[in-house]
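Here are my comments on the model you sent. Please read them with the structure open.

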Amino acid sequence: MRSMSGSRRNSGSSLVSSSSASSNLSHLEEDTWILWGRIVNEWEEWRRKKEKLLKELIHKGIPHHFRAIVWQLLGNATDMPVKNQYSELLKMSSPCEKLIRRDIARTYPEHDFFKGQDSLGQEVLFNVMKAYSLVDREVGYCQGSAFIVGLLLMQMPEEEAFCVFVRLMQEYRLRELFKPSMAELGLCIYQFEYLLQEQLPELNVHFRSQSFHTSMYASSWFLTLFLTFLPLPVATRIFDIFMYEGLEIIFRVGMAILQYNQTDLIQLDMEGMSQHFQKVIPHQFDSCPDKLILRAYQIKYNPKKMKKLEKEYTTFKNKEMEEQIEIKVSFGLLTGGTLLLWRGCLGQVTRAQEAEENYVIKRELAVARQQCSTASESLERAQDTIRELQQRKYTEQFVSSLQTQLEQSRLQEAELLGALKEMQDKVLELEKRSSLLPDESNVAQLQEELKLVKLRELETLHCFREMQDTVTELNQCWQQHVSRGGGGGHWKESPKKNAMNELQDKLMSMRLREAQAQAELREARLKVLQLESQNQIHGKLVSRQEEESAALQERVQYLTAQNKGLQGQLSEVKRKQAESDCKSKEEVMAVRLREADSMAAMAELRQRIAELEIQKEEGRIQGQLNHSDASQYITQLREQISELKNEVRHSCSDYKHSPKIASVKMTLLYNCINCCKLLWRKLLKNKT
């Protein structure tokens, strides 16, 4: 803290300066280590009370050895429940494993940690990506996310990297960026284009004139956070700030790069700008990344305006989705079902190409819809004419013209069937291409959307049938109108003519019934196609459910076997514990028995010693009374008693250290004292 204030403020602010003296650099590095050590230990206090100072330090760069723990603290990923599931996730299989294996070799191919097939870096990167594809099946695996995970693995172990990546996907808008629809990427491009138009209008006009779209250079910025565009040390500095502030730093750095290169880019064409972005821009800030970060924070960035742009973009996309739904309803089951499966199964590499094909189909459908509306209007205008002509008799010219119109309608119908066949071929081709891609859609959502598609299909079939009837009636009315205007003349009222008139009426009715039967046959064919498509969809759903049930059964069998093994281990542990308890009880009982025997033996020895001492002293006193003076012996007994008392005091002091031995010694001493007192009384009695 002293290095950041007081007389040393200037030296603290030059932590990243390249012009400092070598003696000061080592001292400043030591101060930086001490400062970041305190920040890590007092993290909550710094986030609450010293947030501004912490932000400045992060802008200057987090020290390499502190990045792992600081990134976890910034992302609040130090203690996550998903960390305990990581080992179990690695034992499961993921449908994205082939895609992950294919892209691993392309992730940091020049870095030593990831270089070489089956290296440690590639293995842990595969583990983390596979585990996340199982945790978030809607996103699964997306190209570009491996570079973010690779950067995390350069700083921390794979379990911690997995937790930080999960937090990034959940809290930093990355999950919306990597979803199959990539809706968030479209929003970011929309917001970035607004910043470019507002702050660099000349460059924006030049980009538009050269058809140099923003997505051509900025998509990788948002998907990989500059990790594939800038050198790794510079991109890591940007990632430090991203962990603290989110996607705002990506907008700032992108605008700073364009502002710095505006003069050069305006003078180049589209190919020259592409080469400039690939070869010149990435190496402009190698020596001094602080220059890029300083320029980034000079860019104007208004969060409220960005929120407003987000609402505008959402409204625009909702309107576009409504238009797409209307086009699907008018087109029918085939296109609707194909678009449904297409949206669920498209990969992100082929998504742009197939979107263009989808746009062409939509335009054709819009034209067909316009033609349908025009025909319906013509039908409404001709209804009055139809009512007038229904009561008139047919002329020979009308019959011939009707035959001609019938042939023309058949030709038109054949052309329509050919166009429909081409559309079906396109649909089948798209289905084949989409079937090769991984299935990342939700089965429940697909079922709900299929129900909606069935309803739309019934409505479309009904409209198609009504349309056929309308076209037939319209052709009849038109021919009657032509025959009436052509002046073919009426038939004379002769029997021969009347008979011919009746035969022609019968012939016309037979042809009309034939046309109606053909229309019903086509309708039946459409229903057959519908049933076949439903059968295919249900078959795919059943196969998916069978695969899921098989996977669940395998999982249940694995868990059952694991449970049996654990139960066996538990029973074995219980048995060993019971045996050890029995042995310990037996040993305790044996120790207690030995202790009781020793106590009984000690009591017997004490009694025997006392008896022997009494006998010994009696015999000694008798001999001494016979040969020596009793008074002298009494004096000696007193001295012995005093010595014994001293030993008793010493034994009391030893009792604290070794109670058993001291108690035995004290018992023996008290017995000796009693014996001496008894002898003393006897001597006094004999003396008197």
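The points below go from the whole chain to one helix pair.

1. Status. This is a predicted model. Please keep that in view for each point that follows.

2. Fold content. The protein chain has 27 helices and zero strands. Among its contacts with a separation of 6 or more, 77% join residues 24 or more positions apart.

3. Burial and surface. The chain holds 688 residues, and 36% of them are buried. Its accessible surface is about 42,300 Å². Carbon and sulfur atoms supply 54% of that area.

4. Annotated segment. An unreviewed UniProt entry lists a "transmembrane region" at residues 216–235. In the model, this span is 65% helix and 0% strand. The C-alpha atoms at its two ends are 20 Å apart.

5. Helix pair geometry. How do α4 and α15 cross? Helix α4 covers residues 51–60, and helix α15 covers residues 232–245. Their axes come within 8 Å and cross at roughly 155°. An angle over 145 degrees counts as roughly antiparallel, so α4 is roughly antiparallel to α15.

6. Helix pair contacts. On the α4 side, the residues are Glu51, Leu54, Lys55, Ile58, His59 and Lys60. They meet Arg237, Asp240, Ile241, Tyr244 and Glu245 of α15. What is the chemical make-up of this contact? It has six charged residues, four nonpolar and one polar. Glu51, Lys55 and Lys60 in α4 are among the residues to inspect here, as are Arg237, Asp240 and Glu245 in α15.

Note on methods:
Residues numbered from 1 in each chain as written. Predicted model: local features only at pLDDT ≥ 70, side-chain atom pairs only at ≥ 80, totals over all residues. Heavy atoms only, no water. UniProt positions renumbered as here; feature names shortened; annotations may be inferred. Helix = DSSP H or I, 4+ residues; strand = E, 2+ residues; numbered from the N terminus. Axes fitted to C-alpha atoms, helices over the stretch in contact; angles between N-to-C directions. Parallel < 35°, antiparallel > 145°, perpendicular 65-115°, else oblique. Contact = heavy atoms within 4.5 Å. Nonpolar A, V, L, I, M, F, W, Y, C, P; charged D, E, K, R; others polar. Buried < 20%, exposed > 50% of the residue type's maximum accessible area, 1.4 Å probe, protein only. Areas by Shrake-Rupley, 256 points an atom, 1.4 Å probe, with all protein chains shown as cover.
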